[in-house]
Amino acid sequence: RIPDPVRLRDSYLSLSRATGRLHRLVEDLLDFRRMESGANEFRMRRVDAAQSVRSVAEEFRKEVEERGFRVRVKMNANAWIQADEGALGRALWNLLDNAVKYSGESRDIDVSLDREASLVRISVADGGIGIPNAERPQLFTKFHRGLEAKRAGIPGTGIGLAMVARIAAAHGGSVSVSSEIGRGSAFTICLPVEECDEQNSDSRG
């Protein structure tokens, strides 16, 4: 029983966020199983990449700002892509969630979108603990957990990055990582720009 209305509201919000996290975890497990079995159907449509990324980042910011995290968003380009917006949002959310988990003492998460010719690059960077070179080849395989994560007791299922890789591949793209121990990591999803968008850019030029 919480008599104070403000504390009561905060408790409700905290419970709501915890329920949301549990729901996303269950959805991730079910979706990953469907992806592995080939039963998952991606519903592609024309998507404004910058608007979609910004929307997910803003929603994630609400989730973590009470813990002192700052999610900084920088859209350096505009582009249309063919995407399953829900699946792509889940991939981006997983990268953001990982950035928070492995942030160490840092509280800054940077989300950016850039365009290079016919590719859109969506990056999530943190200033956290970093990833040893020896662990990087296994990062996107299912159930892989780094030694530092196990040592520090960082929670996780070991399927988040494997799911990101599968979603990126289903969109005709890829995911990569750059990292430095003690200085953080940056994960980047590269996706092809929609062909008609590229043609329109050429005609305008």
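How many aromatic pairs does the structure hold? Before I answer, please keep in mind that what we are looking at is a predicted model. The structure holds two aromatic pairs, and I will take them in turn.

In one pair, the rings of Phe60 and Trp93 have their centres 5.0 Å apart, and because their planes stand at 85°, the pair is edge-to-face. This pair links distant parts of the chain, since Phe60 belongs to helix 2, residues 49-64, while Trp93 belongs to helix 3, residues 85-101, and 33 residues separate them. Phe60 is buried, with a relative accessible area of 1%, and Trp93, at 13% relative accessibility, also counts as buried, because the cut-off for that word is under 20%.

The other pair is formed by Phe140 and Phe187, whose ring centres lie 6.2 Å apart and whose planes are at 85°, so this pair is edge-to-face as well. Here too distant parts of the chain are linked, with Phe140 in the loop between strand 5 (119-126) and helix 4 (147-152), and Phe187 in strand 7, residues 184-192, 47 residues apart. Phe187 counts as buried at 7% relative accessibility, whereas Phe140, at 22%, counts as partly exposed.

Another ring to look at is that of Trp80, where Arg46 lies over the face, at 4.1 Å from the ring centre.

Finally, let me turn to helix 5, which covers residues 160-170 and whose buried residues are Gly160, Leu161, Ala162, Met163, Val164, Ile167 and Ala168. Just after helix 5 comes Gly172, which takes a positive phi of about 75°.

Definitions and conventions
Residues numbered from 1 in each chain as written. Predicted model: local features only at pLDDT ≥ 70, side-chain atom pairs only at ≥ 80, totals over all residues. Heavy atoms only, no water. Buried < 20%, exposed > 50% of the residue type's maximum accessible area, 1.4 Å probe, protein only. Helix = DSSP H or I, 4+ residues; strand = E, 2+ residues; numbered from the N terminus. Phe/Tyr/Trp six-rings, centres within 6.5 Å; stacked < 30°, edge-to-face > 60°. Lys NZ or Arg CZ within 6 Å of the ring centre and 35° of its normal.
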